[in-house]
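The following paragraphs lead the reader through the architecture of a protein model, from its sheet and cores to a single helix. Please keep the structure in view while reading.

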Amino acid sequence: MTSLSFSRISVPYADSSVNTPETSESTAVRYQSARSCPVVASNLQLVAGRHHVLTGGEANICQRFRGLKLWLIESLNLQLPNIKHGSNKFKNTGNQNKNQLANHWEMTLVHGRKVSEENFSADMHLDSSGKTVKSTLLPENSSLGNHRCDVSANMSTSTKPYSSSLETHSFNVLADGHGGPSLSIAVIGATGELARRKIFPALFALYYSGFLPENVGIFGYSRKNLTDEDLRALIASTLTCRIDHQENCGDKMEAFLHRTYYLNGGYDNRDGMSKLNCLMDQIEGVSAANRIFYLSVPQESLIDVASALADNAQTQRGWNRIIIEKPFGFNILSSQQLTSSLLSKFEEKQIYRIDHLLGKNLIENLTVLRFSNLVFEPLWSRAYIRNIQVILSEDLGMQTGRYFEGYGIIRDIVHSHILQTIALLAMEPPVSLDGEDIRNEKIKVLRSIRKLDPNDVILGQYKASSGDKIDVNLDGLTPTYFAAALYIDNPRWDGVPFLIKAGMGLIKHRVEIRIQFHHVPGNIYRERIGHNIDLATNELILCDVPDEAILIKVNNKIPGLGLQLDASELNLLYKDRYNVEVPDSYEHLLLDVIDGDSHLFMRSDELAAAWNILNPVLQELDKKNISPELYELGGRGPVGAYYLWAKHGVPWADD
């Protein structure tokens with residue numbers, strides 16, 4: 001036997017042949033991250049048969065191992081695994097990780113026959129105390145440092161026999177032949193209502209439509225004592241295939257659930273994130289892998305979870321992105337603290353503040369209508385537009401719940417959705433469709449909006465009784481209705497009121513944007529129109545609820561011998577024009593995160609600018625200098641809103 005001195009690592013190698021006889025034992029060699037060199041002192045499992053034993057000092061192992069690994073790879077005729085990035089529709093940036101992947105080739109040297117599930121995931125070795133323990137693969141890039149990657153010891157238990165996810169999942173990576181997923185998506189708070197009803201169904205819809213790679217890894221993380229199968233059963237009933245083409249629905253659903261895993265993170269977020277990182281490393285194998293972390297957690301837990309994630313669960317072989325649910329703070333101070341904490345751990349480009357209302361097709365279509373239609377772009381200014389109204393009303397079927405309590409409609413809807421909608425409507429043409437270019441124009445609009453005058457704001461709260469099927473546990477100052485007039489102090493929009501009307505518990509569910517144009521100067525048909533010339537004002541109406549549509553209100557002659565005018569609507573009704581199922585807003589936004597398109601997500605400076613606009617009203621509300629006006633549940637909102645519209649010379653849009 002030949003022996004080379006090089007630390008205390010035993011590398012299997014047969015002099016006679018690269019192939020090991022079928023009767024020999026197989027092993028997997030554990031490597032730690034290059035950042036944690038020198039390697040651990042514990043001996044690694046030997047393979048029966050002839051081999052070289054490498055021993056020696058640990059101080060210079062990192063420098064010497066680079067040269068040795070090339071010799072071993074050449075001698076054993078090992079090949080790098082092929083990296084498969086899934087569907088052609090999946091817009092991946094995997095090529096940028098090729099150089100990184102080449103530097104992470106401290107991988108398992110498996111000697112002999114094709115690896116089976118048993119000997120890949122549960123090889124035995126002796127630790128320093130002589131106790132027999134299981135050895136598992138840990139890629140070099142692991143962010144755990146000196147932590148032991150022992151997820152199996154912390155996996156949740158159930159009444160039925162359940163083997164470690166590491167044991168089960170490790171084999172699937174190689175057996176599938178994909179070299180591990182090119183994308184891993186972790187849902188933190190996987191057993192919550194939002195995750196079950198919205199996030200997992202949206203992920204499956206993307207997978208079904210081919211926007212995720214076939215070998216994507218979906219990871220559920222929470223504190224409940226569940227298994228992989230428990231989570232799969234929990235979300236299976238919420239998954240649906242496209243109505244317009246249900247091809248291979250069952251097979252796709254089974255494949256998606258097969259790629260879904262669960263981890264009980266426990267109550268120590270740092271330990272839990274370390275375990276999550278280990279599990280993700282196992283599923284990813286040695287291929288380049290990007291990671292998305294959806295933080296579906298309560299606001300009070302957000303900073304701690306995000307910090308633990310940043311330190312313990314980020315990959316070093318691709319990009320990392322985190323998704324954060326609104327509201328983004330309670331006021332300007334708490335928002336600044338949250339932003340500061342996040343930016344101390346992540347780069348701005350990694351943070352995606354999601355508001356599902358901004359994923360509506362209505363919002364996605366705003367820039368298309370503005371910048372690709374000559375009929376609209378020249379009219380988009382104070383010279384032709386009289387006012388713009390942004391209306392969002394929720395009917396009796398919408399529940400407020402604990403989440404809404406305390407935050408109210410200003411922090412929950414107005415701060416993000418309404419102000420972002422106005423920014424997209426009013427911004428200057430960006431230099432490109434790049435997310436940063438669009439956000440650069442949005443921030444200019446937000447900084448140009450005047451701070452709200454409390455006299456231009458109407459707050460309301462619905463009156464509910466215990467018999468009403470809606471949450472009545474609201475404190476006296478939590479507004480459920482908000483109406484206001486905003487003004488943008490720049491040359492394009494000087495003097496044009498942007499009227500906001502957002503409320504809950506109203507007569508109908510309605511989401512629309514109304515753009516009213518000026519009256520025709522010297523209109524020769526004034527006498528034919530009647531006394532109320534406002535009824536004949538041209539309007540562009542963009543509807544989302546109850547039916548998605550684009551309407552243009554024009555004056556038209558009624559057919560006949562007389563000269564009678566009528567205000568008619570040119571109607572583009574989506575359900576009549578397009579025979580497709582409209583994707584859920586979470587699908588739009590999750591796909592944007594995957595593609596790195598940030599234009600519908602608030603940047604930190606946008607966040608601060610929005611708080612500056614609303615801060616005067618929030619301060620008055622907190623000081624109890626203003627209080628919400630009560631309105632009937634199922635009614636049309638506070639009476640004060642009608643007077644506010646009249647004050648700014650705007651006709652009231654019928655509910």
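Contact here means heavy atoms within 4.5 Å. The model is a predicted one. By that criterion, and leaving aside residues up to four places away in sequence, L295 touches I188, L302, V305, A306, L309, I322, I323 and E325. L295 also belongs to the largest nonpolar core, which comprises 129 residues, and is listed with L276 and F482 as having the most contacts inside it. The element that gives the most to this core is helix α14 (residues 408-426), with eleven residues. Another core, of 15 residues, lies apart from it and includes Y481, A483, L506 and W645.

Attention now turns to the sheet. Nine strands form an open sheet with mixed pairing, in the order β19-β18-β17-β16-β12-β15-β14-β13-β20. Its edges are β19 (565-573) and β20 (629-632), each of which pairs on one side only. From one strand to the next, the twist averages 20°. Strands β13 (residues 457-463) and β14 (residues 481-487) run antiparallel and are joined by four bridges; V457 stands opposite A484 in β14. Helix α20 (residues 640-647) packs on the sheet, where it touches β12, β13, β14, β15 and β20, and its direction makes about 10° with that of β14.

A final example is helix α7 (residues 249-258), in which C249, K252, M253, F256 and L257 are buried. Viewed down the axis of α7, these buried residues fall within an arc of 130°, so they line one face of the helix. They pack against α5 (193-208), β7 (217-222), α6 (228-236) and β8 (260-264). On the other side of α7, D251 and E254 are exposed.

Terms used. Residues are numbered from 1 along each chain as its sequence is written. This is a predicted model: local features need pLDDT of at least 70, side-chain atom pairs count only at pLDDT 80 or more; totals for chains, interfaces and linings use all residues. Side-chain values use heavy atoms; hydrogens and water are left out. Buried means under 20% relative accessible area, exposed over 50%, partly exposed in between (1.4 Å probe, protein chains only). Helices (H or I, at least four residues) and strands (E, at least two) are DSSP runs, numbered from the N terminus. The arc is that of the directions from the helix axis to the C-beta atoms. A nonpolar core is a set of buried Ala, Val, Leu, Ile, Met, Phe, Trp, Tyr and Cys residues joined through side-chain atoms within 4.5 Å. Two strands pair if DSSP finds at least two bridges between them. Axes are lines fitted to C-alpha atoms, for helices over the stretch in contact, and angles run from 0 to 180 degrees between N-to-C directions.
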